Amino acid sequence: MSTIYIPPGIIEGPKYGTDAWKEARRGRVTASRFGDVMSEPRSKAAKDAGLLSETASGYMMEIVASAITGEDRVGGKSAAMERGVDKESDAIDIYASTKFCTVEPGRLLLKSDGLVAATPDGFIEEDEDGPGLLEVKCPESRTHLRTWFSRQLPEEYIEQVHGQMWVAGREWCDFVSFDDRFPAPMRLVVIRVYRDEDLIQAMSTKVGNFEALVAEKLASVRQFLAEASPGEERAVQDALGSLTFDAEG
């Protein structure tokens, strides 16, 4: 049984970083990329027409391609990204000891009515502000220092953090920047971010529309498969791999 609060309409998925987690989030619109979905087209005409930005359109093709091929986006992680992943557990341990709290491990949360998903880095169930979330970044030193000085949630993570609160049904999220190359008093920056209902409402509308477009693309692939000749059908089935999305639901 889960040790974390799961709101109605949300399915608890695999733990973060496992093979099952990678497979379960493939072909879904994830909170880490909500910023791409929310990005605006460059031209006023495109904005007025309600068109997707190039960034959002590219992300859509990435999702569909991943669902069809069963493979994630091509391209390895940089040394900085690898270091960030390696240091994440250290950051969580130090946060927990500093805040005198228990952090439940991050895991995938899936909206049961579609393709939206989120993976908070941790869950805090007992706090004076009620249940909350943890989002951890272990960035380059210059980026960490910028956050240390500003004490503000970096703009590039606004949609991700609020998207996680939306999916998880939480009122707050502690954003953590961690860099153990600094002196001990400067290594951990904790910024508590409270739920912005106006932003979440705008996000739910735009992400919902984007999600519907992704579903249409996947349905087109399904339709092609249904109408293909036997030889083509076999080839497409092989390409679809583990894609299990049902366009009807």
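**Helix 7 and the aromatic pairs**

Select helix 7 and colour its buried residues (under 20% relative accessible area with a 1.4 Å probe, protein chains only): these are Glu159, Gln160, Val161, His162, Gly163, Gln164, Met165, Trp166, Val167 and Ala168. This is a predicted model, in which local features need pLDDT of at least 70, side-chain atom pairs count only at pLDDT 80 or more, and totals for chains, interfaces and linings use all residues. Residues are numbered from 1 along each chain as its sequence is written, and side-chain values use heavy atoms, with hydrogens and water left out.

Helix 7 spans residues 158-168, and ten of its eleven residues are buried, so the rest of the structure largely encloses it. Helices here are DSSP runs (H or I, at least four residues), numbered from the N terminus. Step on to Gly169, which follows helix 7 and has a positive phi near 70°.

Next, add helix 8, residues 197-227. Helix 7 and helix 8 pack at an angle of about 90°, with their axes 10 Å apart; the axes are lines fitted to C-alpha atoms over the stretch in contact, and angles run from 0 to 180 degrees between N-to-C directions. That makes helix 7 roughly perpendicular to helix 8, a term for angles of 65 to 115 degrees.

Which residues in helix 7 meet helix 8? Show Ile158, Glu159, His162, Gly163 and Trp166; on the helix 8 side, they meet Leu199, Ile200, Met203, Ser204 and Val207. Contact means heavy atoms within 4.5 Å. The residues of this contact divide into six nonpolar, three polar and one charged. In this scheme Ala, Val, Leu, Ile, Met, Phe, Trp, Tyr, Cys and Pro are nonpolar, Asp, Glu, Lys and Arg are charged, and the others, Gly among them, are polar.

Now turn to the aromatic rings. The structure holds five aromatic pairs, counted for Phe, Tyr and Trp (its six-membered ring) with centres within 6.5 Å. Select Tyr59 and Phe210: their ring centres are 5.7 Å apart and their planes at 10°, so the pair is stacked (under 30 degrees). Tyr59 lies in helix 4 (residues 54-69) and Phe210 in helix 8, 151 residues apart, so this pair links distant parts of the chain. Tyr59 is buried at 3% relative accessible area, and Phe210 is buried at 1%.

Move to Trp148 and Phe149, whose ring centres are 5.1 Å apart with planes at 80°, so the pair is edge-to-face (over 60 degrees). Trp148 is partly exposed at 23% relative accessibility, a class between 20% and 50%. Phe149 is exposed, with a relative accessible area of 59%, where exposed means over 50%.

Finish at Trp172: Arg192 lies over its face, 3.5 Å from the ring centre. The criterion is CZ of Arg (or NZ of Lys) within 6 Å of the ring centre and within 35 degrees of the ring normal.

Technical notes. Helix = DSSP H or I, 4+ residues; strand = E, 2+ residues; numbered from the N terminus. Parallel < 35°, antiparallel > 145°, perpendicular 65-115°, else oblique.
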